[in-house]
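Me: I would like a close look at one part of this model, taken strand by strand, with a word on how that part is put together. Please set it beside any comparable part if that helps.

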Amino acid sequence: MILVSEQEEPLLLAELKPGRPHQFDWKSSCETWSVAFSPDGSWFAWSQGHCIVKLIPWPLEEQFIPKGFEAKSRSSKNETKGRGSPKEKTLDCGQIVWGLAFSPWPSPPSRKLWARHHPQVPDVSCLVLATGLNDGQIKIWEVQTGLLLLNLSGHQDVVRDLSFTPSGSLILVSASRDKTLRIWDLNKHGKQIQVLSGHLQWVYCCSISPDCSMLCSAAGEKSVFLWSMRSYTLIRKLEGHQSSVVSCDFSPDSALLVTASYDTNVIMWDPYTGERLRSLRHTQVDPAMDDSDVHISSLRSVCFSPEGLYLATVADDRLLRIWALELKTPIAFAPMTNGLCCTFFPHGGVIATGTRDGHVQFWTAPRVLSSLKHLCRKALRSFLTTYQVLALPIPKKMKEFLTYRTF
């Protein structure tokens with residue numbers, strides 16, 4: 001059982017809009033294709049269009065947040081002590097920005113490496129932000145200073161998505177419209193260590209499992225690819241969607257994978273067995289909408305909440321939906337126009353969404369106290385595969401719960 005307060009519709013906490021638009025230029029674009037929180041919750045990155053990324057300290061300044069709401073990260077106060085409050089930064093990437101990804105906090109050897117090769121960068125922080133650009137380049141920025149550290153070249157088309165390994169090893173995966181994924185080692189001056197080929201269409205999304213064992217990639221195809229992050233080989237294809245898959249995300253314990261498609265469905269998979277566990281269909285809420293428009297509920301983005309009990313989805317029917325893991329219908333809706341992407345604040349309570357107009361919106365998300373059963377499952381599944389759970393000498397019902405077969 002999940003202990004949670006009575007669910008309310010998501011409230012709009014704040015909306016950030018781009019400043020005065022640049023002079024019209026066909027090479028520029030105003031869409032917010034990507035938004036991201038740093039893993040510790042102290043920074044927010046917003047690709048606001050016109051080749052600009054904003055790095056904003058979190059929590060937002062008080063004038064943006066209604067009184068009585070607190071969304072402070074656990075470490076933001078401690079991190080800023082002794083070095084002054086962090087300042088908002090503007091990164092001019094020179095190209096349309098499609099993908100954003102923060103690194104985890106690197107291990108001490110990594111910090112020394114950055115300091116050695118970039119003596120101008122303070123040693124107190126080595127959080128970096130990767131930006132995927134329209135021309136196939138990837139630029140790596142030091143967050144605390146806003147300095148450009150590396151420029152990674154190799155892709156032949158738009159870099160649509162980026163994902164760091166959560167382990168802190170500074171391995172970066174990029175997904176591109178050139179139909180490949182590339183693996184980069186930032187500890188080796190951004191050396192390209194692998195190219196993953198096999199997709200026949202643009203690669204829209206890439207996601208690394210929290211245990212760093214698997215990589216999921218979604219392209220303009222009906223199937224998604226699962227790759228080994230150890231051998232960089234294809235493990236399996238997951239087939240079940242009826243149209244292009246455009247977004248994917250792993251649960252915090254790596255036991256589940258969700259994929260979102262233009263076919264209006266989210267599918268929940270067991271990535272270890274390839275089994276399809278559940279489908280969540282996006283049906284129309286507004287009867288005034290034209291039922292003949294097959295694209296009205298086309299999905300744009302899906303993501304797990306940090307405790308692994310909720311999903312958020314953004315679709316073309318102008319709604320943000322929040323789903324509870326065990327239910328087949330959404331528990332809450334919020335109206336939003338031209339939504340493109342969504343992500344949860346890493347400590348819960350907030351969802352950030354980006355729009356085609358270059359805006360970013362912050363919404364309240366369910367605040368939940370996980371049951372002891374779920375906490376135990378999450379802890380066990382963080383290091384046990386489905387096959388290892390099935391081999392345990394425990395009752396069948398326990399195995400079904402631990403493998404998310406009790407929906």
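Reply: The model shown here is predicted, and the part to begin with is an open sheet of four strands, which follow one another in the order S19-S20-S21-S22 with antiparallel pairing. Its edges are formed by strand S19, which covers residues 245–250, and by strand S22, which covers residues 275–281, each of them pairing on one side only. On average, and with direction ignored, neighbouring strands of this sheet are turned by 20 degrees against each other.

Turning to the edge at S22, one finds that strand S21, made up of residues 265–270, pairs with S22 in the antiparallel sense over six bridges. Within this pairing, aspartate 270 of the one strand stands opposite glutamate 275 in S22.

A second sheet can be described along the same path. Here, too, four strands form an open sheet, in this case in the order S7-S8-S9-S10, and the pairing is antiparallel. Strand S7 (97–102) and strand S10 (148–152) are its edge strands, and each pairs on one side only. For this sheet the average turn between neighbouring strands, direction ignored, is 20 degrees.

At the edge formed by S10, the partner is strand S9, residues 138–142, and these two strands pair in the antiparallel sense over four bridges. Tryptophan 141 is found opposite leucine 148 in S10, just as aspartate 270 is found opposite glutamate 275 in S22.

Methods:
Residues are numbered from 1 along each chain as its sequence is written. This is a predicted model: local features need pLDDT of at least 70, side-chain atom pairs count only at pLDDT 80 or more; totals for chains, interfaces and linings use all residues. Side-chain values use heavy atoms; hydrogens and water are left out. Two strands pair if DSSP finds at least two bridges between them. Axes are lines fitted to C-alpha atoms, for helices over the stretch in contact, and angles run from 0 to 180 degrees between N-to-C directions.
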